[in-house]
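Biologist: Could you take me through one part of this model at close range? I'd love to start from a single side chain and then see how its surroundings fit into the rest.

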Amino acid sequence: MRKRILTGLLLTISLFSLNGCGNMIMDLTAEESEQISEYAAAVLLSYDTGYHSRLLTEEEIAIAEAEEAAARAKQERIDQIAQAYANAEPEPTDGVSDSDPSAGDGANQSEEAPVVLADFLGLSGLDLQYTGSAVTNSYPEENEADEKGAFFAMRSTPGNKLLVLKFHMQNISNEDCMVDLLSKKVRFSVSSDEIEKTNMQVTMLENDLSTYQGTLAQGAGTDVVLVAEIPEAKALDIGILNLGVKCAGETASLKLQ
């Protein structure tokens, strides 16, 4: 039956393309020829069970464009962070350096004046307070990342956990405040009686304190984090944490309580 239909169609097109007298070709305009071709192609494809329309719906196009835009934004953020830290002084990954602000004699540190984190980072008009920590396998949590459509997410490697330090940054000035910690190339580290000095990771998280960029309106606030990876065996009891900070060539240490 299918062969008959196709044969009939082709025969119809052939007859339509010829004059009734002799073999003279009909004088068709370009538009008429195009219409005949499109019609023939559509009919042939309608009988082809292996053909599937390649036309995308508006929703599919919107999803594809959004995914492409997100991929471009991620790459741009990677390039921006890499460029900012390209000439930064590398931090030691093993052991404790002489200038390590998150480790040292506790008695000597207790004699020092308490460090106000916002002031040390040069965040004029802002208040920055530690609000707690969490030990997890991923950040943001998978269900939270799905709900918020997270720009970037982290997962711990086998045998390790993510230690997430949480802070709240508040604009306490009478005007909007522009925050650009990425340009400061701040280095953070964490340690405790249970955890050896560990550098906080520089990430693409939108709320990463070390790379945060944004404008806080008067009276507005936002939650920011620092993330490090620690051995799973140490994750059950992290103890009292010490945060080391290095900014503009200066170092400081503060207890997170």
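Modeller: Happy to! Let's begin with Phe167, which has a relative accessibility of 1% and therefore counts as buried, the cut-off being under 20%. Please keep in mind that this is a predicted model. The structure contains 1 aromatic pair. Its members are Tyr130 and Phe167, arranged edge-to-face, with 5.6 Å from centre to centre and 65° between the planes. This pair connects distant parts of the chain, since Tyr130 belongs to strand β1 (residues 126-136) and Phe167 to strand β4 (residues 160-171), with the two residues 37 apart.

Now for the wider setting. The protein has 6 helices and 11 strands, and 31% of its 257 residues count as buried, Phe167 being one of the buried residues. Of the contacts between residues at least 6 apart in sequence, 77% join residues at least 24 apart. The accessible surface comes to about 16700 Å², and carbon and sulfur atoms account for 51% of that.

Elsewhere among the strands, there is an open sheet of 4 with antiparallel pairing, running in the order β7-β6-β10-β11. Its edges are β7 (198-199) and β11 (250-256); each has a single partner strand, so one side of each lacks a neighbour in the sheet. Strand β6 (residues 187-191) and strand β10 (residues 241-247) pair in the antiparallel sense through 5 bridges. If you'd like a spot to zoom in on there, try Val190, which stands opposite Leu243 in β10.

Key: Residues are numbered from 1 along each chain as its sequence is written. This is a predicted model: local features need pLDDT of at least 70, side-chain atom pairs count only at pLDDT 80 or more; totals for chains, interfaces and linings use all residues. Side-chain values use heavy atoms; hydrogens and water are left out. Buried means under 20% relative accessible area, exposed over 50%, partly exposed in between (1.4 Å probe, protein chains only). Contact means heavy atoms within 4.5 Å. Accessible areas come from the Shrake-Rupley method with a 1.4 Å probe; for residues, only the protein chains shown count as cover. Rings of Phe, Tyr and Trp (its six-membered ring) pair if their centres lie within 6.5 Å; planes under 30 degrees apart count as stacked, over 60 as edge-to-face and the rest as tilted. Two strands pair if DSSP finds at least two bridges between them.
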